[in-house]
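Trainee: I'd like a close look at the aromatic rings in this one, please. Once you've been through them, carry on to the pockets.

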Amino acid sequence: MTTSFHPPQRTLMEPGPSDVNPRILEAMSRPTIGHLDPLFVQMMDEMKGLLQYAFQTQNELTIPVSAPGSAGMETCFVNLVEAGDTVIVCQNGVFGGRMKENVERCGATAIMVEDEWGKACDPAKLEAALKAHPEATTVAFVHAETSTGATTDVKAMCDLAHAHGCLAIVDAVTSLGGTELRVDDWGVDAIYSGTQKCLSCTPGLSPVSFSSAAIERIQNRKTKVQSWFLDLNLVMGYWGKGAKRAYHHTAPINALYALHEALVLLQDERLENAWARHREHHNALKAGLEALGLTFVVPEADRLPQLNAVSIPEGVDDAQVRGMLLNDYNLEIGAGLGVMAGKVWRIGLMGYACRKDNVLKCVSALSEVLGRVGVNVDGKKAMKATLAAYGE
Ligand SMILES: *Cc1c(COP(=O)(O)O)cnc(C)c1O
């Protein structure tokens with residue numbers, strides 16, 4: 001007989017999912033009510049306000065899509081892009097490549113602006129592409145590239161897009177709640193995120209937000225959005241303003257309780273404090289990793305605190321080390337993605353996982369495991385450096 005599934009308690013220092021706050025898991029186990037129950041609708045309205053705070057926006061259309069970050073990405077593209085359009089996609093890692101796929105599946109042309117993996121997207125290259133392609137309607141790029149740990153200057157990129165009559169789509173899956181993000185001040189037109197990264201919620205939902213210019217474009221489309229499920233004109237009937245809500249799909253009720261709780265936690269902590277916390281623990285982890293002789297992939301100025309990509313030392317077996325960390329320490333760190341597979345480890349410090357005890361556990365476990373596989377490391381020195389960064 002198959003019995004219930006009981007997963008172990010891991011420490012998730014990977015590029016998502018991150019450790020889920022126990023308060024969020026508890027919220028998820030509360031009684032399921034109907035998705036048109038007046039109390040549920042009231043909770044949805046609160047959620048909108050909490051998401052507006054998290055995104056720093058007044059955008060009315062700020063809601064969670066009932067599916068993971070990739071569906072948030074697709075929501076932005078299928079609603080804003082029509083067949084025959086030209087979209088400039090700035091790519092500096094794996095996720096920019098997925099944007100290209102989205103553009104092409106909309107029947108549009110993707111003009112790729114490539115930057116080296118591990119570096120920020122270069123606004124000067126975007127400007128050149130905008131000049132070369134006056135027919136472009138949209139610019140898309142990733143704020144926090146999770147495959148490398150590099151951040152891009154959102155405001156500079158959005159300003160350029162607008163100066164050339166384009167709307168800007170921004171991927172904020174890894175940045176929301178972890179590093180500074182200001183949707184209105186920075187002029188973002190369409191943005192999507194995920195619940196399982198710096199919001200430390202369970203995976204499966206994608207907060208999105210659209211500016212009035214984006215809504216205008218969606219309402220004036222020449223053709224129907226090819227995805228019925230992701231068509232915002234229809235989704236708005238359920239999430240929209242006012243008392244009259246129409247059934248669109250059954251909302252993932254308990255998952256939404258979880259996101260509500262995650263956003264209440266963020267509101268209570270305050271965004272600025274959450275951003276500072278990610279920075280503080282990153283600095284300590286960095287001190288420890290560097291004392292172990294590991295080097296960061298991304299130059300300091302472009303580095304994200306919540307995603308620490310370091311090069312794997314020569315001769316070390318990537319999978320063996322990650323396996324030892326998982327089996328002996330219940331600690332999961334991320335492998336490299338795309339061209340960086342086998343070359344880097346990506347250590348996440350996201351949301352609830354971004355804590356002092358996790359940083360100390362990671363440095364100590366890595367130093368022991370690296371020593372075991374024959375790397376010459378000084379574990380004591382690494383722990384001392386980590387604690388020193390905390391002022392101890
Ligand atoms: C994780 C991630 C996604 C995809 O999110 P899923 O929830 O896995 O679908 C998209 N973009 C970036 C930058 C990410 O880090």
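Mentor: Let's start with a rule we need straight away: a charge sits over a ring if NZ of Lys or CZ of Arg is within 6 Å of the ring centre and within 35 degrees of the ring normal. Keep in mind that what you're looking at is a predicted model.

With that rule in hand, find Y352. R355 lies over the face of this ring, 4.5 Å from the ring centre. Now go to Y390, where K356 has its charged end over the ring, at 5.1 Å from the centre.

Next come rings that meet other rings. To describe such a pair, you give the distance of the centres and the angle of the planes. The count here is 2 aromatic pairs. Take Y238 and W239: their ring centres are 6.2 Å apart and their planes stand at 75°, so this pair is edge-to-face. The cut-off behind that label is an angle over 60 degrees.

Are these two residues buried or exposed? Anything under 20% relative accessible area counts as buried. Y238 comes out at 0%, so it is buried. W239 has 2% relative accessibility, and therefore counts as buried too.

Now for the pockets. If you roll a probe the size of a water molecule over the atoms, you see where empty space is left. The largest pocket has a volume of about 360 Å³. It is lined by 16 residues, and those closest to its centre are Q9, R10, L12, D19 and V20. Two elements give two or more residues to this lining: β1 (11-13) and α1 (22-28). By type, the lining of the largest pocket splits into 7 nonpolar, 6 polar and 3 charged residues. Look at the domains as well: domain 1 (22-267) and domain 2 (271-389) each put at least three residues into the lining of the largest pocket.

Then there's the second largest pocket, with about 290 Å³ of space. Its lining has 18 residues, and F95, R98, V173, Q196 and K197 are the closest to its centre. You'll find at least two lining residues of the second largest pocket on each of α3 (69-80) and α4 (94-105). Of these helices, α3 gives the largest share of that lining, with 3 residues. Sorted by type, the lining of the second largest pocket has 8 nonpolar, 6 polar and 4 charged residues.

Note on methods
Residues numbered from 1 in each chain as written. Predicted model: local features only at pLDDT ≥ 70, side-chain atom pairs only at ≥ 80, totals over all residues. Heavy atoms only, no water. 1 Å grid on protein atoms, 1.4 Å probe; cavity = no way out; pocket = protein on both sides within 12 Å on 5 of 7 lines; lining within 4 Å. Points joined across faces, edges and corners; volume = space filled by probe spheres on them. Helix = DSSP H or I, 4+ residues; strand = E, 2+ residues; numbered from the N terminus. Nonpolar A, V, L, I, M, F, W, Y, C, P; charged D, E, K, R; others polar. Domains from an automatic or database assignment. Phe/Tyr/Trp six-rings, centres within 6.5 Å; stacked < 30°, edge-to-face > 60°. Buried < 20%, exposed > 50% of the residue type's maximum accessible area, 1.4 Å probe, protein only.
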